[in-house]
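Let's practise reading aromatic rings in a protein model, one small step at a time. Have the structure open as you work through the exercises.

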Amino acid sequence: MFLKNNKIKVGRNDPCPCGSGLKYKKCCLGKKVPGANSLKELYFQKHKIRLKGEKDIEGIRNAGRLVLDTLDLVEAKIRPGMRTDEINTLVHEFTIKNGAIPAPLNYKGFPKSVCVSANEVICHGIPGERVVVEGDIVNVDITSVLKGYYADASKTFCVGTLGADAKKIVRVARECLRLGMTQVQPGNTIGDIGWTIQTYAEGQGCSVVREFVGHGVGFEFHEPPQVPHYGRKGQGVRLVAGMVFTVEPMINLGKKDLRILEDKWTAVTADASLSAQFEQTLLVTEDGFESLTPF
């Protein structure tokens, strides 16, 4: 439906690319959107989505390389007996050393440079005195700002030998990300991504967190669109080349419900079950996608 050079080739009875849910002939056909510039204007007007150009993509790609290098550093250093605040120090110092800024630090009052979420913590874990022990699973979520561009990725690390439940949730969460990424291509919708992830996770007896979603990224930490990891096929904004957003499914071994701790940041599973997450920053290309934080 969306072909090379960002030119729209849509049939009159096809869904409108603006994501309204109407047929093209009853929505934007009369608005004359012949090329990339008009498409950018349309997506910003309809959804506040800012499509990225080549210079922007290269900037986000460079930030993504730093995020991956930082994750590699954490993977090499994480060990039983390590305090989560030591992970924060590693991330903060490495980011600054490489001329970047850790985006989480002071973001809406978040007090640290990285989110570290172990076991029952779903996301937004504040690094501190918690000690990593043998058998833990620990998600480290890194967003770096390099020369004004943001990139965002996370991995769930396995500390030592895992039990069966921990192995399962890490495997399922990683596969959820992989499957969600297969749906990132022009002409698909955001709902296609969520439906694919939800179908697989629930088929494995796990659940998908609803309260936290993927998001646009690049010019800012969080931009439109929101990218839920659950949903229905064919619903939501239609994907076009130049969109950059994260896919970051948070998958629970038990029920999907959560609660927020007194620090007003840390989200934990309501039933104390394990939770895992993997995240990448993705660019919609003319014929599929490119990960700007590939691992």
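A residue is called buried under 20% relative accessible area, exposed over 50%, and partly exposed in between. Keep in mind that this is a predicted model.

**Exercise 1.** Classify F219, Y149 and F110 as buried, partly exposed or exposed.

*Solution.* Start with F219: its relative accessibility is 24%, so it counts as partly exposed. Next, Y149 has a relative accessible area of 14% and is therefore buried. Finally, F110 is at 2%, so F110 is buried too.

**Exercise 2.** Work out what kind of pair F110 and W265 form.

*Solution.* A pair of aromatic rings is described by the distance of the centres and the angle of the planes. The search of the whole structure gives 4 aromatic pairs. For F110 and W265, the centres are 5.1 Å apart and the planes meet at 85 degrees, so this pair is edge-to-face. Now look along the chain: F110 is in the loop between β1 and β2, W265 is in the loop between β11 and β12, and 155 residues separate them.

**Exercise 3.** Describe the pair of Y149 and F219.

*Solution.* The centres lie 6.4 Å apart, with 40 degrees between the planes, and the pair is tilted. Y149 belongs to strand β5, while F219 sits in the loop between β7 and β8, 70 residues apart.

**Exercise 4.** Which charged residues sit over the rings of F44 and W195?

*Solution.* Over the ring of F44 you find the charged end of K48, 5.0 Å from the ring centre. Over the face of W195 lies K233, 4.2 Å from the ring centre.

Conventions: Residues are numbered from 1 along each chain as its sequence is written. This is a predicted model: local features need pLDDT of at least 70, side-chain atom pairs count only at pLDDT 80 or more; totals for chains, interfaces and linings use all residues. Side-chain values use heavy atoms; hydrogens and water are left out. Rings of Phe, Tyr and Trp (its six-membered ring) pair if their centres lie within 6.5 Å; planes under 30 degrees apart count as stacked, over 60 as edge-to-face and the rest as tilted. Helices (H or I, at least four residues) and strands (E, at least two) are DSSP runs, numbered from the N terminus. Buried means under 20% relative accessible area, exposed over 50%, partly exposed in between (1.4 Å probe, protein chains only). A charge sits over a ring if NZ of Lys or CZ of Arg is within 6 Å of the ring centre and within 35 degrees of the ring normal.
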